[in-house]
Amino acid sequence: MLGRGLLGLGLAFAVYAAVAAPASMRREQDTGEFTIVRPDLLDSARRAMVAVLGCVAGAAAVLWYAFFTRDFSYSYVALNTSRSAPPWYTFSALWAGMAGSLLLWCLILSVYAAAFATRRRLRRLQPWAISVLAGTQVFFLTITAGLENPFARLDVVPADGRGLNPLLHSPGMVIHPPMLYTGLIGMIVPFALAVSALVTRQTKNWVRETRVWILVPWLALGTGLVLGGAWAYTELGWGGYWGWDPVENAALMPWLAATAFLHSAMVEERRGMLRIWNVFLVTSAAVLATFGTFLTRSGLLSSVHTFAQSPVGKWFFVFLGIQTIVGIGLLLWRLPDLRSTAALDSAVSKEAAFLANNLVFCAGVLLVLWGTLLPLITQAVFGSQLAVGPPFFNRVMTPLGAALMVLASLGTVVGWRRGSPRRVARRLVVPAAAATAVAAPVLAAKHSVAFAGMIWFAVLLAATSAAEIARAARVRSRLTRLGTFAAFRGLFARNPRRYGGYLVHLGVAVVVIGMAGSFFRAQTEVDVAPGSTFRFAGYSFVYRRLDQFAAPDKDVNLAVVDLYRRGRRIDTLRPQLNFHRNWDQPQSEIAIRTTPVADIYVVLAAIDPGQAQSGVFRVHYNPLVLWVWVGAAIAVLGGLLALLAGRRRKHGPAPAPAEPAIVRELDRVRVT
Amino acid sequence: MDVAIFLLVCVVLAIFVARPLYGDRARPDD
């Protein structure tokens, strides 16, 4: 009763905020400007957003309490945890099913909405943005409390619960869903700001206010995608980390749109260009994020993410329609306000590079969207489903990725307005030489133009980004007479967006190097008895024995496999094939040996239950995978620096005492 | 018990939200 009651109360506050916030604003007849005429009403609506957060957090606390006290009278608790579950999987069980996922969704949305509503500097943009956020809360709270009640009770209380889905027994699953949700849901805040700017005709500076609000979900979504990849790699056992699954694609598309916006927003801030485009991108990011949720929840397309399907899918479709109509309708309505104030001066300029990168990003979104929706389109038109697989996506996305890396390198070295081709060429010579120095021997050794090409593009971008950071640190060190490290730190403190961005580029380049390794993946499957040896990818594998024992919730079959290279034992791998009694299904635990050169990835796919104890092993040789995770970590660090270093600067200490006395004097005079 | 907690939360949050409208003066528009 308490949990659902709190959701209902939160819903009431959200309805109030959605109406009260815009009612605090009025359009002046003479100037046409929107001004806040009832600040008390706006303050009350802002407080209502905090109240919604309190209610939803309270409801989540009720459910978590039920999980930790093993209160199996709640159907959701009985289905998703058991007495033997460790604390961290008890905690993450909250989002193991549909109803809890929606509750987490409401919680994260409420955190965003309350954080947005309590900021004072966005006051004139707030009323309508709060209305959009509160309207979104009304939708989610209605389906959470009304359709998918996580607080439903059982008539007969079981002695123990079913336990968490064995596939979700992974540390990544504790972080991946909340991170992904933080990314997807967060896209609604920039959308709310865009709606507010369009309604109240404050289209001049909304982009500057929006950047931080899109940087947070962009970073979270990117991190969530990588964590999802890591989960797929370590848990699913097919040897890869990205399969162009519809749900992966659905999370990738808003991320691509948001990445495009992070670049095009700079063009609007600097030059007053791409203003219509920016509104369109922010709307697209939000609509694609909702679309992603809709795909996951509707079960329209088959996916590995089938943990939670329910009829709420069709309501998401309605919400998606409203969001699209509001976004596009407002954009068309305010089109005259969004005319650019400047034109492109030269094709050799930062804005031209950013414009081109935006087009490539959008081509990427459209191609992924097309590939994802093809089964639905062909089903509707021809009556039978036609799907495209990873080869299609790899073929179309690889050239786009190469184009983006060249554009990112160009965009790093070229200036605003009118760049000098000669200067650009001079600054690209060394990175291009470095790229060639690495790619040429790779081509000679591996005889793959595609692989060597990817390495060339990636090293070009990595070298350009690293050279730019090093060059700026050197200049700063010379001017300030600081040591190199202090100058380096100063760079990130003074211009976190730019240098954080370069670090993200560097990380992406390293990720691409890791992905390029997939050109040389190899796989084999063997059926061997204990004591046997098999060879694969230059390694010898000795299957020593099979250990079998019972754990509280599963029967464990653990194979001990020694790994030899050039006659020397280098590792012992222990893949498992476990039978989860509550779920009545087997689940592989994969053994991976990671090195900078390649991963050896061993899956115990089947065992002979008899005396022979022979095992079927699927072994993958995955080159360079480690660099995907290293690159992603560098990119996330860059994103965090761009976000946090900027904050510190904004709220940093007062000007240093070394400031000229005349400036202090001027400040004093201005105050008095 | 649940009902008592729920009613208490209702009252506290309602007062919190309504305060700017009654008494607690809102800050001027910035």
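**Close-up 1. The surroundings of A:N578 in the predicted model.** Setting aside residues up to four places away in sequence, A:N578 touches A:K554, A:D555, A:V556 and A:N557, along with A:Q585, A:P586, A:Q587 and A:E589. Its home is strand β8 of chain A, which covers residues 576-580. With a relative accessible area of 1%, A:N578 counts as buried because that value falls under 20%. Look too for the polar partner of this residue: the side chain of A:N578 reaches the backbone nitrogen of A:N557 at 3.4 Å.

**Close-up 2. Strand β11 of chain A and the strands that pair with it.** Here we move to residues 598-607, which form β11(A). Seven of the ten residues in this strand are buried, so β11(A) is largely enclosed by the rest of the structure. Strand β10(A), residues 591-594, runs antiparallel to β11(A) and is joined to it by four bridges. A hairpin of three residues leads from β10(A) to β11(A). Strand β12(A), residues 615-623, also pairs with β11(A) in the antiparallel sense, over nine bridges. A:D599 is a handy landmark in this view: A:D599 is the bridge partner of A:T594, and A:D599 also stands opposite A:N622 in β12(A).

**Close-up 3. Helix α14 of chain A, with its kink at A:M397.** Running over residues 390-413, this helix has 24 residues. From its first C-alpha to its last, α14(A) reaches 34 Å, close to the 34 Å expected at 1.5 Å a residue. A kink of about 30° lies at A:M397, shortly before the proline A:P399. Buried residues of α14(A) include A:F393, A:M397, A:L400, A:L404, A:M405, A:L407, A:G411 and A:V413. What do the buried residues of α14(A) pack against? Their partners in chain A are α10 (246-271), α13 (350-382), α15 (421-446), α16 (449-480) and α18 (496-516).

**Close-up 4. A:F116 and the nonpolar cores.** The largest nonpolar core holds 145 residues, and A:F116, A:F140 and A:W206 touch the most other members. Helix α2 of chain A (residues 39-68) supplies the largest share of this core, with 16 residues. A second, separate core has 26 residues, among them A:M405, A:A435, A:Y502 and A:L503. Now zoom in on A:F116. Apart from neighbours within four places in sequence, A:F116 is in contact with A:L122, A:Q126, A:A129, A:I130 and A:L133, as well as A:V189, A:L193 and A:W213.

Definitions and conventions:
Residues numbered from 1 in each chain as written. Chains lettered and ligands numbered in written order. Predicted model: local features only at pLDDT ≥ 70, side-chain atom pairs only at ≥ 80, totals over all residues. Heavy atoms only, no water. Helix = DSSP H or I, 4+ residues; strand = E, 2+ residues; numbered from the N terminus. Expected span 1.5 Å × (residues − 1). Bend = angle between axes of the 7 residues up to and from the residue. Buried < 20%, exposed > 50% of the residue type's maximum accessible area, 1.4 Å probe, protein only. Contact = heavy atoms within 4.5 Å. Core = buried A, V, L, I, M, F, W, Y, C linked by side-chain atoms within 4.5 Å. Polar contact = N/O pair within 3.5 Å; in protein donor to acceptor, adjacent residues only side chain to side chain. Pairing = 2+ DSSP bridges.
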